[in-house]
Amino acid sequence: MGSSDLGAVETGDGIYTLTEVRDPSDADTGDFRIYYNKEGFGPVNPLHDIPLYADKKNHVFNMVVEIPRWTNAKLELKTKAPLAPIVQDEKKGKKRFVHNVFPYKGYIWNYGCFPQTWEDPSQVHMETGALGDGDPLDVCEIGKAAATVGEVKQVKVLGVLGMIDEGEMDWKVIVVDIHDPLASEMNDIDDLYRVLPGLLHATFSWFRTYKVPDGKAHNVFAFREQVQPAHYALEIIEECHQAWRKLITGQVSHKNHNCSNTTLSAVPAYMPVEEASALIQRDVDATAASAAARGANAAAMSLRKTSSLADMTAHIPPPSFDRDDPDLDAIRPMVTIKRFCTELQRKFPHGSNDLSLLITELGVAYKCVRAQLCDAPNAQFSALAAFSNQQIHASLASSGLCCLIFSSFSNEVMELEAGTDVGNYIVVFNPLMGVPGASLGSTFSVYYRKSAPGKEGDSADLLQRPGYEQVAAGYCMFGASTFLVFSMGYGVHLFTLDTISGHFVLSSQHIHTPDEGPIYSVDTAVLPHVVEGVAEYVAELEAPESTKVFRHNGNLVANFHSVLTRGGILMLPGPQKADLARYLTEAAPLAFVARQAGGRASVGKRPLLELSAWSFEMSVPLFVGSSKDVDRVEEFVMGHAVEEKNKINPDTFAQAYSV
């Protein structure tokens, strides 16, 4: 016998029993699969056959528990397998366990999913701008009792957390078991602050940092890191339920989902109960045969019953929070802009700290701009741009670090604050661009003065200087999260605004743009008017056999950020001035950042950074991104790629200048 029953769970639509298939002789891997059966019916798929609603009128839902509270094993429905059994997730052939996040042990809630839901990866959520992650809705049940693996709970919804995991929308619905002693006291997210104070803060902290020990960046959150209320969560659940209906009826498909089911006879992937029973029996037989092949005796071939979670997690070492705990060593403290720049400055003990202070001042200005964008979401773009312009100018003008400030919004040199010191840096910036309600961005560039110190600079300090002479450049992107990305000439570094601490904290240092990437971004409205070579290149990108993916919105910064981090090419080909990039405040800083990340920027016939501005208003075509993609557009325009001098390898910076 290769299976064991794990008990029964009663729901509004019947009683479910669990059958575990496990080979006890294979102690090294501990492989197991847990299948669901509906009493009096037969095998079912927990994702597709268990109904979402236990009581739709009263908003009571069924939740499938995958991971009980305080455990570390990363268990999940194997949605790409027939009947979606619960298994332990693997990566590179190794079982996955979540690290302990001090001071907690494992998952801090009963964790699982809602059946009959799906976060559609082809649809962008209108309020966050992120695509779904292709999985069922994740659920965190906060009740008193620790659940068991595979348990089906009836829960009510309190709210939803909008986590963005590696650019994908990953909703976390907060629920409570309707049978919990405190359930009657909690009906919305505000009740949680009163009944279980500190739990939401712990939830944010856990989700933000739990991947850090694996070398990944902090997760970020939409909605200013605020948990959305119950009524909003219900909308998300229904939206994902409708997406699941499209999946199960075959209107859409996904490589990670096998839609086999035994109760929905009208859908394409319906599987008769007899066929499902035979499938499970084949798994049982194959597992028993495997045990026999290992020389297991007859007693060992009968797979044992798991009567408690301890049996499944016996090989997990107990949590340790000693100083020598490697998990604690892997969790590094947050690195702010000031600390990062200070650490970097220590590698140049004879240099000035002024440039680091200047970047810090820009970070303060962008935090103020972000606050205004959140506080006035319905304001006109012109008003938001004016505020951003004033805020950035005020921070720079009073810093005592600048000798000249130029804004593309004001289109003039801006005054320094009276009574302050005159510094040695020229800063040019575009205070705000993009589409209100979607994403917005700002760019900046820094040069060192050419004129004698001690007095304000003039146009000669900025004009007729090649872009290579920039000493720093970067951008800030405002969306579901706020990112500040910059380079001071030693790699490109990304900081994310942590809204709890109020600091920009290091998320990724030494960004390396791939030599070739999947994305191309261009305003299609200008294509009928572009030069012939560019038109031919775009036709190649749009050909049926092309692997390139089109991504474009009304925010230059957002388009560039996608290309910088994922690879590809961003094009502003012109020929009208409105379709070009302003050299000083847009093209040059983005080109500087791209080059520091190992990419390239061109105007189609020469490297962009070789150019020098002849006026403050000068605009140029911009082709920026992965080096091979930029080379390709030059080949169409000129017949050959332009060899750029003094190419930069970001990996060299990473070895010498990491913090």
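Two strands are taken as paired if DSSP finds at least two bridges between them, and with that in hand I can start on the hairpin, keeping in mind throughout that this is a predicted model. Strands β5 and β6 form a hairpin with four residues between them, and in the turn His59 has a positive phi of about 60°. The two strands, β5 covering residues 53–55, pair in the antiparallel sense over two bridges, and one bridge joins Asp55 to Val60 in β6.

Let me stay with β6, since several pairings meet there. Strand β6 spans residues 60–67 and is mostly covered, eight of its eight residues being buried. Besides the hairpin partner, β6 pairs with β14, residues 152–165, in the antiparallel sense over five bridges, and within that pairing Asn62 has Gln154 in β14 as its bridge partner. With β11 the pairing of β6 is again antiparallel, over three bridges, and here Val65 is matched with Gly112 in β11. As a general remark, strands of a sheet pair through backbone hydrogen bonds, either parallel or antiparallel.

From β11 we can move into the loop that follows. Thr117 sits in the loop between β11 (110–113) and β12 (131–132). Is Thr117 buried or exposed? Thr117 counts as buried, because its relative accessibility is 0%, where the cut-off for buried is under 20%. What does the side chain of Thr117 have for polar company at the backbone? A polar atom of that side chain lies 2.8 Å from the backbone oxygen of Phe114, and a polar atom of the side chain also lies 3.0 Å from the backbone nitrogen of Leu137. Leaving aside neighbours within four places in sequence, Thr117 is in contact with Leu47, Leu52, Pro136, Leu137, Ile237, Cys240, His241 and Trp244.

Now to the nonpolar cores. The largest of them has 48 residues, and those with the most contacts inside it are Phe560, Leu564, Tyr583 and Leu608. Among the elements that give two or more residues to this core are β20 (425–434), β22 (470–478), α12 (556–566), β28 (568–572) and α13 (583–596), and α13 gives the most, with nine residues. Leu608, not counting residues up to four places away in sequence, touches Tyr583, Ala587, Ala588 and Ala591, and its contacts also include Val603, Val620 and Leu622. A second, separate core of 44 residues includes Tyr36, Val98, Ile189 and Trp206. In soluble globular proteins, nonpolar side chains tend to be buried together.

My last topic is a sheet to which β28 also belongs. Five strands form an open sheet in the order β27-β26-β28-β32-β30, with mixed pairing. Which strands stand at the edges? They are β27 (549–550) and β30 (600–602), each with a single partner strand, so one side of each is left without a neighbour in the sheet. For β27 the pairing is with β26, residues 519–522, in the parallel sense over two bridges, and one bridge links Ile519 with Val549 in β27. Helix α11, residues 532–542, packs on this sheet, touching β26, β28 and β32, and its direction makes about 140° with that of β28. Helix α14, residues 627–638, packs on the sheet as well, touching β28, β30 and β32, with its direction at about 20° to that of β30.

Definitions and conventions: Residues numbered from 1 in each chain as written. Predicted model: local features only at pLDDT ≥ 70, side-chain atom pairs only at ≥ 80, totals over all residues. Heavy atoms only, no water. Buried < 20%, exposed > 50% of the residue type's maximum accessible area, 1.4 Å probe, protein only. Polar contact = N/O pair within 3.5 Å; in protein donor to acceptor, adjacent residues only side chain to side chain. Contact = heavy atoms within 4.5 Å. Core = buried A, V, L, I, M, F, W, Y, C linked by side-chain atoms within 4.5 Å. Axes fitted to C-alpha atoms, helices over the stretch in contact; angles between N-to-C directions.
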